[in-house]
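Here's a quick briefing to read with the structure open beside you. Take it topic by topic and click along as you go.

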Amino acid sequence: VKQDVSGSESPASVCILVDSRCISSGVELMTVLRQRHAATIHVCSLDGSYFIVSNRMAVERHSQSDLAVMQNRKRLVERVNSLQGLFDRICLIVEKDRTKPGEASRPFQRTRFFDSTLAGLVRTGIRLLWSSGAEESAGLLADLARLEQRKGQGIAVPLEVKGQHGQQALQMYLSLPSVSYAHALNLSHNFKSIAHLMNSSIEAIQKGGCMSRSRAEEIYHFLRYSCDPFLVNTSKGRKTS
Amino acid sequence: METKAPDALDAGPPCGSVFVGDRWRRSPLTERLKGAGVKILFDSELGLADFYLPNRICIVYVSERDVVAGQDYKRKLVRYRNAGGRLQELVLVETTRLSEQHFAAVQRFVVLDLGLTLLPVGSQTDAAQLIAQIVHGEGRENPFARRSSSRLLDPLVLALVQQVPGVGKVKALALLQHFSSIRQLCNADAVELEAIVGHVVAQQIHSFFHEPTGPG
């Protein structure tokens, strides 16, 4: 799983964060990403099975039938909404459904529901990429990461944090609202200590977190948010661990 | 390039209808669109796009023949992108057995190089169904629309304080009675903390916030 990230980056190398849930369904994809596209991959625990290809972009793989079946709509909406909170750009790679060996590939039945799903996604500014399978998806992921890197949005800090305290700080940054794993990594590497972040200006948070101004503002105000002890006390039943 | 006042096109057709370029008269696509209840307004001055939809969407249709023939459609798409302005530009690419082998290259050009949105369609019939869904979708609520999150912050603050090693829910609540914000808690000195959580945990909290985590 681990790859050398300490060496100086060659310009062609891109960094991609992968949720651990992507591994079982994406062995082929990961192998192609590493071997053919020389991508640096770090497996971590994200809040869903997706990829992070830059400071601002997340990518999820879906099969065509995922988008065509009404039963999946609710889950897809939830996924997209949760990613919208964490990332400025979201891309869905829509993959052709896999056929079992020996089975003739069935032509995809394009339903009206599928089209209405596409219309909704496009209107929300979700990017769509189309893929014939795992191998092509790996190429698209590498292309996206490279494109983002060229635009100055590539993840430029090491993909791991060292030591127990570093890990604990990373976890704390992840529980800030609207902070993705990429932002949390940037905060971990760019601030001396947690107190340093807590006392930083909006501009410094924006720069250190490699994030948008509005996200930095949200963090800045959250750190200064004055809790109402009554509201805190009555918020039982929420997951707090 | 534009033969019509850009403002008129920017405003787009009325709800439920589509501006359609003249070359699409009597095409299967137009017939299907009519069948799907979309009102067609032919226009000979649409410029580069083939269709204008309500709510600032325009569409170029790249046919199987365009794809197989090669370069011409690329020049057209570059001009299309540059003229786009405030419209959302979609590109429908006819993907058939014949044109499929070129699809990856077309996608790379349209999406990665030009930054336009590509939607593959198998035929004009497919395209009509998709355009009809986009037009009719304007009247409905978009389930994917970004919702402004108006979450209660207090539980998030409580959860965050519990990320501090040695601090469970009881201690977190006690701390928040005294220091209402996370930043105040972070800036409290060990003596202030000691009165609430005892000597050991006070030291833990203080060093958690102030010990180096990165190079800064």
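Residues 164-213 of chain B are 72% helix and 0% strand, and the C-alpha atoms at the two ends of that stretch sit 14 Å apart. UniProt, in an unreviewed entry, lists this same range of chain B as "domain: DisA/LigA helix-hairpin-helix motif". Keep in mind throughout that this is a predicted model.

**Where chain B meets chain A**

- On the chain B side, 63 residues are in contact with 66 residues of chain A.
- Together the two chains bury about 5700 Å², and 58% of that is on carbon and sulfur atoms.
- The interface has 29 residue pairs in polar contact, counting pairs with both residues at pLDDT 80 or more.
- Which parts of chain B each supply at least two residues to the side that touches chain A? They are strands S5 (88-94) and S6 (117-121), plus helices H5 (103-113), H6 (124-137), H7 (153-161), H8 (169-178), H9 (182-187) and H11 (199-210).
- H7(B) gives the largest share of that side, with 8 residues.
- Sorted by class, the chain B side has 33 nonpolar, 18 polar and 12 charged residues.

**A residue to click on in H7 of chain B**

- B:Leu153 belongs to helix H7 of chain B.
- Setting aside residues up to four places away in sequence, B:Leu153 touches A:Phe222 and A:Tyr225.
- B:Leu153 has a relative accessible area of 25%, so it counts as partly exposed.

**Salt bridges between the chains**

- Side chains of opposite charge can pair when their charged atoms come close.
- How many salt bridges cross the interface of chain B and chain A? The rule finds 3 there, while the count over all chains is 19.
- One bridge to look at joins A:Asp143 to B:Arg108, with the closest N and O atoms 3.0 Å apart.
- That pair isn't on its own: A:Asp143, A:Arg146 and B:Arg108 are linked in a network of salt bridges.

**Salt bridges inside chain A**

- A:Arg56 and A:Glu148 meet through their side chains in a salt bridge, at 2.8 Å from N to O.
- This pair ties together distant parts of the chain, 92 residues apart: A:Arg56 is in the loop between strand S3 (51-52) and strand S4 (57-63) of chain A, and A:Glu148 is in helix H6 (residues 134-150) of chain A.
- Are A:Arg56 and A:Glu148 buried or exposed? Both are buried.
- A:Glu60 and A:Arg79 form another salt bridge, their closest N and O atoms being 2.8 Å apart.
- Here too the pair links distant parts of the chain, with A:Glu60 in strand S4 of chain A and A:Arg79 in helix H4 (residues 73-86) of chain A, 19 residues apart.
- A:Glu60 and A:Arg79 are both buried.
- A:Arg110 pairs with A:Asp115 in a salt bridge, with 2.9 Å between the closest N and O atoms.
- A:Arg110 counts as buried because its relative accessible area is 18%, under the 20% cut-off.
- A:Asp115 is buried as well, with a relative accessible area of 0%.

**Chain A as a whole**

- Chain A has 12 helices and 6 strands.
- Of the 241 residues in chain A, 54% are buried.
- Taking contacts in chain A between residues at least 6 apart in sequence, 72% join residues at least 24 apart.
- A:Glu28, in helix H2 (residues 27-35) of chain A, is partly exposed at a relative accessible area of 46%.
- Leaving out its neighbours within four places in sequence, A:Glu28 is in contact with A:Ala134 and A:Glu135.
- The C-alpha atoms of A:Glu28 and A:Lys162 are 29 Å apart, with their positions 134 residues apart along the chain.

**Two loop residues with positive phi**

- A:Ser178 isn't a glycine, yet has a positive phi near 65 degrees.
- Look for A:Ser178 in the loop between helix H7 (163-174) and helix H8 (181-190) of chain A.
- A:Ser178 counts as buried because its relative accessibility is 9%.
- B:Arg26, also a residue other than glycine, has a positive phi near 60 degrees.
- B:Arg26 is in the loop between strand S1 (17-21) and helix H2 (28-35) of chain B.
- With 74% relative accessibility, B:Arg26 counts as exposed.

Conventions. Residues are numbered from 1 along each chain as its sequence is written. Chains are lettered from A and ligands numbered from 1 in the order in which they are written. This is a predicted model: local features need pLDDT of at least 70, side-chain atom pairs count only at pLDDT 80 or more; totals for chains, interfaces and linings use all residues. Side-chain values use heavy atoms; hydrogens and water are left out. Contact means heavy atoms within 4.5 Å. Buried area is the accessible area (1.4 Å probe) that two parts lose on being put together, summed over both. A salt bridge is a side-chain nitrogen of Lys or Arg within 4 Å of a carboxyl oxygen of Asp or Glu. A polar contact is a pair of N or O atoms within 3.5 Å; within protein, one must be able to donate a hydrogen and the other to accept it, and residues adjacent in sequence count only if both atoms are side-chain atoms. Helices (H or I, at least four residues) and strands (E, at least two) are DSSP runs, numbered from the N terminus. Ala, Val, Leu, Ile, Met, Phe, Trp, Tyr, Cys and Pro count as nonpolar, Asp, Glu, Lys and Arg as charged, and the others, Gly among them, as polar. UniProt positions are given in the numbering used here, feature names are shortened, and annotations may be inferred rather than shown by experiment. Buried means under 20% relative accessible area, exposed over 50%, partly exposed in between (1.4 Å probe, protein chains only).
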